[in-house]
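Q: I have just opened this one and would like to walk through it with you. Could we take it piece by piece?

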Amino acid sequence: MAALAVTDRNFQAEVLESNQPVLVDFWAPWCGPCRAMSGVVDEIAGTLDGRAKVVKVNVDDSTESAARYGIQSIPAFAVFVGGELKSGTTGAVPPQTLLDLVEDQLNASASS
C-alpha cells in the first residue's frame, strides 16, 4: 500500500481533519535521503493500514504546509492527531523509528 500524496489544497481534509493519527512525510524529488525513505514510508503505510494514515507532502509543490510546520530539512516526518502536531523527526531513520512515533500516539489515545 502506497502512502497518499497530499498537497496544500487537501492537507486540511486529509491530515488535520483525519479521525486517525497521520504520519506525514515531507519530501522532495531531488532529495536523495527522501528517495531512500520512499519505499520505507510506503511499507509503513501498509503496516499501519486501518490504524493510522500515512501521507507524503512534496515540499516543492506544497510550500504553505511545509512553512506552516517549520520544515527546514528533509525528509521530515510528523505525526498529527486530532489536527495537532504531536511528534516528529528528520532525516533518513530506521523504519522502526517511524513506527514507534505513530505507535506512541496510538497508545496515548487508547489510554486516554
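Q: What does Gly50 do just after H2?
A: In this model, which is a predicted one, Gly50 takes a positive phi of about 90 degrees, and its place is just after helix H2.

Q: And H2 itself, how far apart are its end C-alpha atoms?
A: They are 25 Å apart, and since the 17 residues of H2 (residues 32-48) should span 24 Å at 1.5 Å a residue, the two values agree.

Q: Where is the kink in H2 centred?
A: The kink is centred on Ser38, and the bend there is about 35 degrees.

Q: Which residues of H2 are buried?
A: They are Cys34, Met37, Val40, Val41, Ile44, Ala45 and Leu48. As for spacing in general, an α-helix has 3.6 residues a turn, so residues three or four places apart point the same way.

Q: What covers those buried residues of H2?
A: The cover includes three strands, S2 (22-27), S3 (53-58) and S4 (76-81), together with helix H4 (95-111).

Q: Changing topic, how many disulfides does a search of the whole structure find?
A: The search finds one, and it is formed by Cys31 and Cys34, whose sulfur atoms lie 2.4 Å apart.

Q: Why is that disulfide called right-handed?
A: Because the torsion about the S-S bond of Cys31 and Cys34 is about 75 degrees, the disulfide is right-handed.

Q: Are those two cysteines buried or exposed?
A: Cys31 is buried, with a relative accessible area of 5%, and Cys34 also counts as buried, at 3% relative accessibility, because the cut-off for buried is under 20%.

Conventions. Residues numbered from 1 in each chain as written. Predicted model: local features only at pLDDT ≥ 70, side-chain atom pairs only at ≥ 80, totals over all residues. Heavy atoms only, no water. Helix = DSSP H or I, 4+ residues; strand = E, 2+ residues; numbered from the N terminus. Expected span 1.5 Å × (residues − 1). Bend = angle between axes of the 7 residues up to and from the residue. Buried < 20%, exposed > 50% of the residue type's maximum accessible area, 1.4 Å probe, protein only. Contact = heavy atoms within 4.5 Å. Disulfide = S-S within 2.5 Å.
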